[in-house]
Amino acid sequence: MTDAKENSKAAFDQQAATYDRDVKGQHARALYPVILEKLSRIPYHTALDLGCGTGELMRRILEKDGSKVLYGLDLSEQMLETAKKKLGGKVDLVLGDSEHLPFEDASFDVVYCNDSFHHYPAPDEVLGEVFRVLKPGGTFLMCDSWHPGLGRVLINAWFRHSREGDVKLYSEREMRKLLSGHFSEIQWERVGSNACMAMGIKPPF
């Protein structure tokens, strides 16, 4: 488990300088419009970008509405350095682990996560922390890699040997089960041929 985090950190430190334009960040970039479109339908003021990378999603959010209060958390120091150069003091950037979020209970209206959930070795612990830092009635939104059936099985077998901290791709059933352990009003939908979107709401009471 620790190896996956260390491998993720090393890989993303290495990729940080070129992530916004090279093939390594291509899948994440393809999902930006999906996340942004979903966020546009959610009334929110405060948001946490979980695994924020270079901060590009936060930059695009603030480009549309500079009144949003945004926080970004990432395991990679170099990703955060890239985000800092891009965003300056417009957001709060935090070096940290998604299993141990350094925020008070009920801090955010929204927590979103783009193309990083498959790097988390303890997904239920991450979701427990997301639940904790969301305000009652708050939304968790994620996009991630997805493949049907045999393709997912083969990729997950390959992930066991990954040097970039990849852990697991989830089926719709698996993701719904994970989310339903904490959230209500679960949604899941396929995005193109190799991605998915999932959402859940923290009950308001």
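# Strands, a cavity and a pocket

Modeller: In this predicted model, an open sheet of 7 strands runs in the order β3-β2-β1-β4-β5-β7-β6, and its pairing is mixed.

Colleague: Which are the edge strands, and what makes them so?

Modeller: They are β3 and β6 (184-191), each of which pairs on one side only. From one strand to the next, the twist averages 15 degrees.

Colleague: How do you know that strand β1 (residues 46-50) and β2 are paired?

Modeller: They run parallel and are joined by 5 bridges, and the cut-off for a pair is at least two bridges, so β1 and β2 qualify. One of the contacts is that of Thr46, whose bridge partner in β2 is Val69.

Colleague: And what pairs strand β2 (residues 69-74) with strand β3 (residues 92-95)?

Modeller: There are 4 bridges in the parallel sense, which again satisfies the requirement of at least two, so these strands too are counted as a pair. In β3, Tyr71 has Asp92 as its bridge partner, while Gly72 has Leu93.

Colleague: Why is the pairing of the sheet called mixed?

Modeller: Strands of a sheet can pair either parallel or antiparallel, and this sheet has examples of both senses. Whereas β2 and β3 pair in the parallel sense, strand β5 (residues 134-145) and strand β7 (residues 195-201) pair in the antiparallel sense over 7 bridges, with Ala195 of β7 as the bridge partner of Ser145. β6 and β7 are likewise antiparallel, over 6 bridges, and there Gln187 has Met199 of β7 as its bridge partner. The hairpin of β6 and β7 has 3 residues between the strands, and in it Gly192 takes a positive phi near 65 degrees.

Colleague: Which helix joins β2 and β3 in a β-α-β unit, and what is the handedness of that unit?

Modeller: The helix is α4 (residues 77-87), and the unit is right-handed; the term applies because, with the strands pointing away from the viewer, the path from the first strand over the helix to the second runs clockwise. β1, α3 and β2 make a right-handed β-α-β unit as well.

Colleague: What does the UniProt record place at residues 48-141?

Modeller: The unreviewed entry gives the feature "domain: Methyltransferase type" for that span. In the model the span is 33% helix and 30% strand, and its end C-alpha atoms lie 10 Å apart.

Colleague: How many cavities of 30 Å³ or more does a search of the whole structure find, and why is such a space called a cavity?

Modeller: The search finds 1, and the word is used because a 1.4 Å probe fits there but cannot get out. The space in the largest cavity is about 410 Å³, and of its 31 lining residues, Phe12, Gly51, Asp74, Ser116 and Tyr120 are the closest to the centre. α1 gives the most to this lining, with 4 residues, and α2 (26-40), α3 (56-64) and β2 are among the elements that each supply at least two. By class, the lining has 12 nonpolar, 11 polar and 8 charged residues.

Colleague: What is the volume of the largest pocket?

Modeller: The volume is about 460 Å³, and 19 residues line this pocket, the closest to its centre being His27, Asp115, His118, Ser145 and Asp166. α1 (2-15) and α6 (149-159) are the elements that give two or more residues to the lining, which divides into 8 nonpolar, 7 polar and 4 charged residues.

Technical notes
Residues are numbered from 1 along each chain as its sequence is written. This is a predicted model: local features need pLDDT of at least 70, side-chain atom pairs count only at pLDDT 80 or more; totals for chains, interfaces and linings use all residues. Side-chain values use heavy atoms; hydrogens and water are left out. On a 1 Å grid over the protein atoms alone, a cavity is a set of points where a 1.4 Å probe fits but cannot get out, and a pocket is an open set with protein on both sides within 12 Å along at least five of seven lines; lining residues have an atom within 4 Å of a point. Grid points are joined across faces, edges and corners, and a volume is the space filled by probe spheres set on the points. Ala, Val, Leu, Ile, Met, Phe, Trp, Tyr, Cys and Pro count as nonpolar, Asp, Glu, Lys and Arg as charged, and the others, Gly among them, as polar. UniProt positions are given in the numbering used here, feature names are shortened, and annotations may be inferred rather than shown by experiment. Axes are lines fitted to C-alpha atoms, for helices over the stretch in contact, and angles run from 0 to 180 degrees between N-to-C directions.
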